[in-house]
Amino acid sequence: MTGAIYAIGIGSNRRGRHGAPADEVRAAIAAVGTVVAWSPIVASAPLGPSIRRFANAAILIESDESPPQLLKRLKRIEAAFGRRRGRRWGARVIDLDILLWSLGCWRERGLTVPHVALRDRGFVLLPLATIAPAWRDPASGRTIRQLAHAVDRPRARP
């Protein structure tokens, strides 16, 4: 495998050592490495029981890693930022998700690419549509732009 492109979703709704959630997102973008495109940061309402708004962004990276290898690396970055496993949809200093992979689909225990909730989440699709509008979701065949128009859109951050 050489030079595959991955779309990564990044979110934060808790202050960390880098500062406010938007600062955590910026620091995570720098930590991932080999970024070929990045979206604006958007603010979005939380899912589930959390009351804190999220700062979200999407990036495209180039990597020779397989999806499981990349997932392990992203989990190490999350841990380095202070992310702890806990309540689903709770406050988190950083969340890094593999959204899409240029080589298609991947499915194994604990990892599904494209991300299982990709098509339902405006806070992921809006930033992703700014950097990869024509990328087709291999599961639905629709472009990211089409998927983004089909969901509620979060407000862009200044």
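Trainee: How much area does the protein chain expose, and what share of it do carbon and sulfur atoms supply?

Mentor: About 8100 Å², with carbon and sulfur atoms supplying 52% of it. The areas come from the Shrake-Rupley method with a 1.4 Å probe, and for residues only the protein chains shown count as cover. Keep in mind that this is a predicted model: local features need pLDDT of at least 70, side-chain atom pairs count only at pLDDT 80 or more, and totals for chains, interfaces and linings use all residues. Residues are numbered from 1 along each chain as its sequence is written, and side-chain values use heavy atoms, leaving out hydrogens and water.

Trainee: Why is Thr-34 called exposed?

Mentor: Its relative accessible area is 53%. Exposed means over 50%, buried under 20%, and partly exposed in between (1.4 Å probe, protein chains only), so Thr-34 counts as exposed.

Trainee: Okay, and what is phi of Thr-34?

Mentor: Near 50°, a positive value in a residue other than glycine. Most residues other than glycine have a negative phi, and most peptide bonds are trans. The peptide bond from Val-113 to Pro-114, though, is cis, with omega near 5°.

Trainee: What makes helix H3 mostly covered?

Mentor: Of its 10 residues, 122-131, 9 are buried, including Phe-123, Leu-126 and Ile-131. Helices are DSSP runs (H or I, at least four residues) and strands are runs of E (at least two), numbered from the N terminus.

Trainee: Which elements do the buried residues of H3 pack against?

Mentor: Strands S1, S2, S3, S4 and S5, plus helix H4. Contact here means heavy atoms within 4.5 Å.
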